[in-house]
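Visitor: I am new to this structure and would like a close look at a single part. Please take me through it step by step.

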Amino acid sequence: MREFDYQRAHDVSGAVALLGADPEARFLGGGTNLVDLMKTGVERPARLVDVHELPLDGIEATEDGGLRIGATVTNSDLAAHAEVRRRYPALAQAVLAGASGQLRNMATVGGNLLQRTRCGYFADVTRPCNKRLPGSGCPAIEGEHHNHAILGASSHCVATHPSDMGVALAAFDAVVTYETPDGPGTSPLADFYLPVGDTPHIETVLPPGALITGVTLPATPVAARSRYRKVRERASYAFAIGSVAAALDVRAGVVRDVRLAFGAVASRPWRAHAAERALTGAPADAATFAAAADAELAAAKPLPHNAYKVTLMRNLVVAVLSELTSELAAVAPEEATR
């Protein structure tokens with residue numbers, strides 16, 4: 001590990017100024033990803049600017065009925081918050097599905113959004129990786145790729161984004177707020193992560209030196225009827241091989257509103273717009289759910305060892321939407337027949 005300086009920031013503007021003064025500095029939140037990458041030599045900052053104690057640890061209601069979540073809110077506090085559990089249950093479920101309790105106690109919302117891929121080639125500094133060393137190649141395409149991308153990848157990178165939380169945030173149209181030396185900025189999460197293209201090392205729209213200050217969730221009534229389901233290779237702490245965040249409103253057997261996002265299938269949380277369009281106004285049954293999944297997955301370009309993800313995601317969409325439909329009918333049968 002490279003030697004580094006450490007400095008604690010006391011306010012947002014001071015944190016941004018510290019990073020702006022040193023292009024080799026990095027912000028340190030919970031450190032659950034950055035410190036690991038420093039140990040392996042993937043990240044080699046000259047200075048760490050600790051932002052963990054900045055006053056960005058609140059969760060509050062917005063005027064339109066949404067929620068504003070500070071960037072230093074821990075994953076544990078986010079998942080336990082009563083309004084998150086009531087208004088956006090899939091978000092609480094997604095957070096609890098990620099990592100261990102000890103890591104959730106340290107990891108922060110801002111850091112979760114910026115965590116790096118867990119592709120083995122990215123983590124191994126002895127191997128080529130376009131995300132780590134632009135232009136060096138992507139050995140995963142011909143090598144180990146069973147848990148890599150089937151959507152939105154390119155010949156330059158097939159790595160996936162590891163966040164569970166980000167999948168639920170994508171389903172609910174979250175907006176990221178940040179601070180730069182030139183002032184504040186915002187980005188819808190849908191635009192926050194850049195397409196892989198030929199520059200996989202440029203992952204987000206954040207300007208250099210920007211600090212994420214929070215995430216805002218708009219009022220989304222359908223989100224109160226939501227679920228997050230994660231499939232992994234072992235029951236204990238593991239990254240997803242596929243996941244779905246879904247919210248559903250069914251009236252008289254017809255889908256009136258739906259939100260759907262996929263995880264572990266692309267370089268970013270994948271909003272399933274084609275599936276949503278296919279579902280809206282259609283019968284709420286397994287055949288419709290399968291057809292909607294097929295509409296989204298028609299764009300999939302799997303590699304030889306990860307083609308199983310197409311079937312897995314199709315089955316996962318059908319299972320989650322069917323469960324939500326059954327729950328809605330059981331809880332409010334009078335609504336289901338209106």
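Which strands form the open sheet, in what order, and is the pairing parallel or antiparallel?

Guide: Bear in mind that this is a predicted model. The open sheet is formed by 4 strands. Their order is E9-E10-E11-E12, and the pairing is antiparallel. At the edges sit strand E9, residues 226–231, and strand E12, residues 270–271. Each of these edge strands pairs on one side only.

Let us cross the sheet, starting at E9. E9 is joined to strand E10, residues 242–251, by 6 bridges. These two strands run antiparallel. One spot to find is Arg229, which stands opposite Val244 in E10.

Now move on from E10. Here 9 bridges make the link to E11, and again the strands run antiparallel. Val244 serves as a marker here too: its bridge partner in E11 is Phe262. So you can trace a path by eye. Arg229 faces Val244, and Val244 is paired with Phe262.

Look next at how the chain turns between these strands. E10 and E11 form a hairpin, with 2 residues between them. Ala252 lies in that turn and has a positive phi of about 55°.

The last step goes from E11 to E12. The two strands run antiparallel and are joined by 2 bridges. Phe262 stands opposite Trp270 in E12, which carries the path on to the edge strand E12. E11 and E12 also form a hairpin, this one with 6 residues between the strands. In it, Ala264 takes a positive phi near 65°.

Pause on E11 itself, which covers residues 254–263. Of its 10 residues, 7 are buried, so E11 is largely enclosed by the rest of the structure. Buried here means under 20% relative accessible area.

Something also lies across the sheet. Helix H13, residues 308–331, lies across E9, E10 and E11. The helix runs at about 35° to E10.

From the sheet, turn to the open spaces. The second largest pocket holds about 390 Å³ of space. Its lining counts 27 residues. Nearest its centre lie Arg118, Cys119, Asn147, Phe239 and Ala240. By class, the lining has 11 nonpolar, 11 polar and 5 charged residues.

Cys119 turns up again in a closed space. A search of the whole structure finds 1 cavity of 30 Å³ or more. The largest cavity has a volume of about 90 Å³, and 17 residues line it. Cys119, Cys129, Cys138, Cys157 and Ala159 are nearest the centre of this cavity. Its lining is made up of 11 nonpolar, 5 polar and 1 charged residues.

Two helices round off the tour. In helix H5, residues 89–97, 7 of the 9 residues are buried, and the helix is mostly covered. Among the buried ones are Pro89, Leu91 and Val95. Just after H5 comes Ala99, with a positive phi of about 65°.

The other is helix H3, residues 75–80, where Ser76 has its place. Ser76 has a relative accessible area of 19%. The limit for buried is under 20%, so Ser76 counts as buried. Leaving aside residues up to four places away in sequence, Ser76 touches Gly101, Arg104 and Asn105.

Terms used
Residues numbered from 1 in each chain as written. Predicted model: local features only at pLDDT ≥ 70, side-chain atom pairs only at ≥ 80, totals over all residues. Heavy atoms only, no water. 1 Å grid on protein atoms, 1.4 Å probe; cavity = no way out; pocket = protein on both sides within 12 Å on 5 of 7 lines; lining within 4 Å. Points joined across faces, edges and corners; volume = space filled by probe spheres on them. Nonpolar A, V, L, I, M, F, W, Y, C, P; charged D, E, K, R; others polar. Pairing = 2+ DSSP bridges. Contact = heavy atoms within 4.5 Å. Axes fitted to C-alpha atoms, helices over the stretch in contact; angles between N-to-C directions. Buried < 20%, exposed > 50% of the residue type's maximum accessible area, 1.4 Å probe, protein only.
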